[in-house]
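I opened my notebook to a fresh page for this one. Here is what I looked up, in the order I went through it.

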Amino acid sequence: MKTTEIVIFTLLFLVVSGMGFLAARWRRPGDLATLDEWGLGGRSFGSWITWFLIGGDLYTAYTFVAVPALIFGAGAMGFYAVPYTVVVYPMVMLVLVRLWSVSHVHNLVTPADFVRVRFGSPTLALLVAITGIVATMPYIALQLIGIEAVLKTMGLTGDLPLIIAFAILAAYTYQSGLRAPALIAFVKDSLIYLVILVAIIYIPAKLGGWGSIFDAAKAKFDATPNPGDGPLLNANNQLQYVTLAFGSALALFLYPHSVTGILASRNRNVIKRNMSALPAYSLLLGLIALLGYMAIAAGVKPIGKDSNTIVPQLFDNVFPDWFAGVAFAAVGIGALVPAAIMSIAAANLFSRNIYKEYIKRDATAAQEATVSKIASLVVKIGAVLCILLIEPQFSIDLQLIGGVIILQTLPSVGLGLYTRWFHRGGLIAGWAAGMAAGMVLLYNIANPATNHAHFGGSAFPLSQLGFDTKITVYAGFLALIVNLVVAVLGTFVARALKSTDGPDGTRPEDYFADQGDPRVHELETTAPAA
Amino acid sequence: MTTPRADRGRNPDRSPLNWLLLLPIVIPLIPPLFNADEPRLFGIPMFYWLQLAFIILGVTSTTLVYRATRRSR
């Protein structure tokens with residue numbers, strides 16, 4: 001037990017929890033009992049709040065723990081997180097403003113809502129909603145792994161601290177909705193920026209400079225028998241590096257929790273501005289990634305076989321106790337923000353695209369919000385059970401699968417924002433083919449290092465397709481190609497068979513509407529926030 | 001159904017500067033550009049510092065596009 005660290009961690013955690021409960025009164029909502037208020041914070045967030053909210057949402061505690069762990073274990077390959085988060089913003093900038101506009105004109109809350117309106121197909125919308133929920137659940141569970149790594153390092157074992165932390169989170173998310181993580185994100189991110197700034201100046205100085213850190217890393221990888229690791233990429237994993245970065249970038253804003261953050265912003269300018277402000281987090285992530293090498297140079301050993309404890313262990317070794325406590329709180333609180341947003345997003349998918357579509361068609365706005373609130377609790381309980389009852393490794397595997405399957409909604413959600421060319425039947429067929437292909441590919445990836453015969457990672461060896469090569473490629477990327485090909489062929493077939501297509505409820509100008517536009521206001525169900 | 005309508009006004013996102021967005025999408029995905037140890041910067045191999053520097057490229061092009069297409073209110 002490390003008393004100083006635990007006291008500081010607990011204090012900061014309690015402050016943040018208090019803020020979470022008070023957030024219900026922040027920015028004075030007239031009525032929290034609608035999804036626009038509870039689930040989207042009144043759709044009124046400006047540039048700063050959006051920056052903290054989306055930054056806190058996308059760059060999760062798990063990322064901060066797992067990326068350095070990957071670098072620690074494999075070297076250069078783990079740095080894919082940097083090109084991934086550089087490429088993503090210019091790629092989605094013009095796409096997300098279209099999503100924002102059409103969502104505001106038609107009062108949409110989830111990506112599946114959009115698919116419903118655009119393609120007139122409740123079935124396709126249901127598939128998109130289920131994909132979103134399934135992909136998000138393990139992601140929430142992973143946030144717990146982030147907290148667990150910190151608790152372990154402080155000497156707190158057992159499940160009780162974890163359950164308490166998540167119960168508090170569940171309670172204030174239930175009460176305050178999206179306002180809670182938005183407010184907490186300020187504290188979380190300020191703490192993380194502070195800790196990392198100190199870490200990248202203080203730790204290299206202690207370890208004899210960057211040069212010796214990288215030399216120590218090289219020495220470590222040279223000594224291992226694994227040909228795939230090392231401080232640089234080799235001929236066989238470059239394609240994996242590129243397709244993984246690109247595929248992850250395509251997937252990022254298909255996740256329902258990313259969409260929630262975007263739709264909560266006040267207008268199109270806020271989104272565009274954030275596309276050039278959010279890369280500040282990518283810099284942070286890149287620096288955090290390098291902590292993996294610092295851990296090698298400092299001779300840090302993970303607790304047991306859990307390489308996720310690398311960063312907490314490093315902080316524990318090099319920082320004075322009080323500052324290590326601050327750093328642990330940063331990671332712990334860092335898990336709360338994304339976990340809250342993800343559970344809200346998954347809950348909205350359930351209430352909008354399953355409950356309202358299939359269970360109670362005439363549900364009022366208040367009933368919808370109540371269902372979402374309860375669903376957010378269920379989702380979090382599910383995540384806790386995932387971690388407690390099943391091996392954590394299983395959640396990691398599931399999250400890997402989650403990334404591959406969420407990519408399969410790209411043709412209907414992402415391309416759908418630009419073109420109505422696809423036939424709903426083709427999109428459904430493409431989705432099914434992409435899902436199947438993704439599963440088959442992942443099933444056939446072995447990882448001897450972690451004793452996995454199947455689902456051992458995302459790097460699919462092309463030799464399995466009969467190519468005489470050692471090159472690997474991101475499984476999700478291949479699955480997406482299958483999806484697109486089938487969707488195109490399916491569309492041709494459906495047209496040839498004269499199969500009826502769903503009606504398109506959107507008009508071209510809907511994709512450009514902005515705040516202040518009469519169409520945006522007349523269709524809003526709630527009064528705009530003061 | 002999808003009868004084409006006259007677009008009310010032009011696309012407010014349209015700008016020749018949008019092509020700039022391609023640079024930070026394509027360049028970070030070409031490993032031969034950065035997959036090297038030398039030259040080092042403050043002891044950090046090129047692989048790491050150059051990829052971090054691509055962030056500046058991303059920020060610059062998205063900022064230019066934002067300024068060219070923002071809606072003045």
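**Entry 1: a proline in a loop.** I started at Pro508(A), which sits in the loop that links helix H21 (475-496) to helix H22 (518-522) of chain A. This is a predicted model, so I kept that in mind throughout. Is Pro508(A) buried, exposed or partly exposed? I found 14 C-beta neighbours inside 10 Å, and because a residue needs 20 or more to be buried and 12 or fewer to be exposed, Pro508(A) counts as partly exposed. I then looked at Val102(A): 406 residues separate Pro508(A) from Val102(A) in sequence, yet their C-alpha atoms are 9.3 Å apart in space.

**Entry 2: confidence.** I checked how far to trust chain A. Its mean pLDDT is 86, and 96% of its residues reach 70 or more. I marked residues 522-530 of chain A with a pencil, since pLDDT stays under 50 there. For that stretch the model has 18 contacts beyond four places in sequence.

**Entry 3: two helices side by side.** Next I turned to helix H7 (residues 122-153) and helix H20 (residues 424-443) of chain A. Their axes come within 10 Å and cross at roughly 30°. Angles under 35 degrees count as roughly parallel, and H7(A) and H20(A) are therefore roughly parallel to each other. The crossing of H7(A) past H20(A) is left-handed. Which residues make the contact? From H7(A) I listed Thr123(A), Leu124(A) and Leu127(A), and from H20(A) I listed Arg424(A), Leu427(A), Ile428(A) and Trp431(A). Sorted by class, this contact has five nonpolar, one polar and one charged residues.

**Entry 4: where the chains meet.** I moved on to the contact between chains A and B, which takes 44 residues from chain A and 37 residues from chain B. On the chain A side, at least two residues each come from helix H5 (81-105), helix H10 (209-223), helix H11 (238-252), helix H13 (268-277) and helix H14 (279-297). Which helix gives the most? That is H5(A), with ten residues. By class, I noted 28 nonpolar, eight polar and eight charged residues on the side of chain A that touches chain B.

**Entry 5: the partner.** Last, I looked at chain B on its own. Its secondary structure comes to two helices and zero strands. Of the 73 residues in chain B, 27% are buried. Among contacts in chain B with a separation of 6 or more, 62% join residues 24 or more positions apart.

How values were computed. Residues numbered from 1 in each chain as written. Chains lettered and ligands numbered in written order. Predicted model: local features only at pLDDT ≥ 70, side-chain atom pairs only at ≥ 80, totals over all residues. pLDDT = per-residue confidence, 0-100. Contact = placed C-beta atoms within 7 Å. Helix = DSSP H or I, 4+ residues; strand = E, 2+ residues; numbered from the N terminus. Nonpolar A, V, L, I, M, F, W, Y, C, P; charged D, E, K, R; others polar. Axes fitted to C-alpha atoms, helices over the stretch in contact; angles between N-to-C directions. Parallel < 35°, antiparallel > 145°, perpendicular 65-115°, else oblique. Left-handed = near helix turned anticlockwise from the far one by under 90°.
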